[in-house]
Amino acid sequence: MADQNQNKHQWNDEDNFWRSNFQTRPYGTSGKDYEFYQPGYRYGYDAANKSGNRSWADAEKDLASKWESFEQRGESTWEQVKDAVRDAWDRVTGKHTVGTH
């Protein structure tokens, strides 16, 4: 139970970060609100935390193919949210500074 609460707390921190910063990202000027991108951030956050040492290049194809079965995806397509997924992935893994890919 403690792990579940810790993960929820950590996601809440990430959620707050992206809510405050998504408009600074290239896709954040599309006119869509944060709630449109939030599932992508969550998906990238969760996937990165479960990835071990997988690189984005190695994981992207799997993530794209599983997006359609992600329950919280809403109406978004992979193409619409993949940059948000990548941003969350990069922030979790620390492999790239957000904004440099």
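A polar contact here is a pair of N or O atoms within 3.5 Å, where one must be able to donate a hydrogen and the other to accept it. Keep that cut-off in mind for the views below, which all come from a predicted model.

**View 1. The whole chain: four helices and zero strands.** Following the sequence from start to end, you read the pattern α-α-α-α. Of the 101 residues in the protein, 35% are buried. Take the contacts between residues at least 6 apart in sequence: 57% of them join residues at least 24 apart.

**View 2. Ser51, in the loop between helix H2 (34-50) and helix H3 (56-67).** A polar atom of the Ser51 side chain sits 2.9 Å from the backbone oxygen of Ala48, and that distance falls within the 3.5 Å limit. Ser51 counts as buried because its relative accessibility is 12%, and buried means under 20%. Ala48, its partner, is one of the buried residues of H2. Gly52 also turns up in this stretch, after H2, with a positive phi near 70°.

**View 3. Helix H2 from end to end.** How far apart are the end C-alpha atoms of H2? They are 24 Å apart, which agrees with the 24 Å that 17 residues should span at 1.5 Å a residue. The buried residues of H2 include a good run of aromatics: Tyr34, Phe36, Tyr37, Tyr41, Tyr43 and Tyr45. Pro39, Gly40, Gly44, Ala47 and Ala48 are also on the buried list. As a reminder for reading this view, an α-helix has 3.6 residues a turn, so residues three or four places apart point the same way.

**View 4. The largest pocket, with about 280 Å³ of space.** H2 and H3 are the elements that give two or more residues to its lining. The lining takes in Tyr43, Asp46, Ala47, Lys50, Ser51 and Arg54, along with Ala59, Asp62, Leu63, Lys66, Phe70 and Trp89. Sorted by class, that makes six nonpolar, one polar and five charged residues. Ser51 from View 2 is back here as part of the lining.

**View 5. Leu63, a buried residue of the pocket lining.** Leu63 lies in helix H3, and its relative accessible area is 9%. Setting aside residues up to four places away in sequence, Leu63 touches Tyr43, Ala47, Trp56, Trp78, Val85 and Trp89. Tyr43, Ala47 and Trp89 from that group also line the largest pocket. Leu63 and Trp78 are 15 residues apart along the chain, and their C-alpha atoms are separated by 8.9 Å.

**View 6. Trp67, with a relative accessible area of 0%.** Is Trp67 buried or exposed? Buried, as that 0% shows. Trp67 is another residue of helix H3. Again leaving out residues up to four places away in sequence, Trp67 touches Pro39, Gly40 and Tyr43, plus Arg73, Ser76, Thr77, Trp78 and Val81. Tyr43 is 24 residues from Trp67 in sequence, with 8.3 Å between the two C-alpha atoms.

**View 7. Phe36 in helix H2.** With a relative accessible area of 18%, Phe36 is buried; the cut-off is under 20%. Which residues does Phe36 contact, leaving aside its neighbours within four places in sequence? Ser76, Gln80 and Val81. Gly74 is 38 residues away from Phe36 along the chain, yet the two C-alpha atoms are separated by 7.7 Å.

**View 8. Arg25 and Asp87, joined side chain to side chain.** Their polar contact is 2.5 Å. Arg25 is found in the loop between H1 and H2 and is buried, with a relative accessible area of 12%. Asp87 belongs to helix H4 (residues 78-93) and is buried there, as are Trp78, Val81, Ala84, Val85, Arg86, Ala88, Trp89 and Asp90. After H4 comes Gly94, with a positive phi near 70°.

**View 9. Lys32, in the loop between helix H1 (2-21) and H2.** Lys32 is partly exposed, at 36% relative accessible area. Not counting residues up to four places away in sequence, Lys32 touches Phe22, Tyr37 and Gln80. Gln80 is also a contact of Phe36, back in View 7.

Conventions: Residues numbered from 1 in each chain as written. Predicted model: local features only at pLDDT ≥ 70, side-chain atom pairs only at ≥ 80, totals over all residues. Heavy atoms only, no water. Buried < 20%, exposed > 50% of the residue type's maximum accessible area, 1.4 Å probe, protein only. Expected span 1.5 Å × (residues − 1). 1 Å grid on protein atoms, 1.4 Å probe; cavity = no way out; pocket = protein on both sides within 12 Å on 5 of 7 lines; lining within 4 Å. Points joined across faces, edges and corners; volume = space filled by probe spheres on them. Nonpolar A, V, L, I, M, F, W, Y, C, P; charged D, E, K, R; others polar. Contact = heavy atoms within 4.5 Å.
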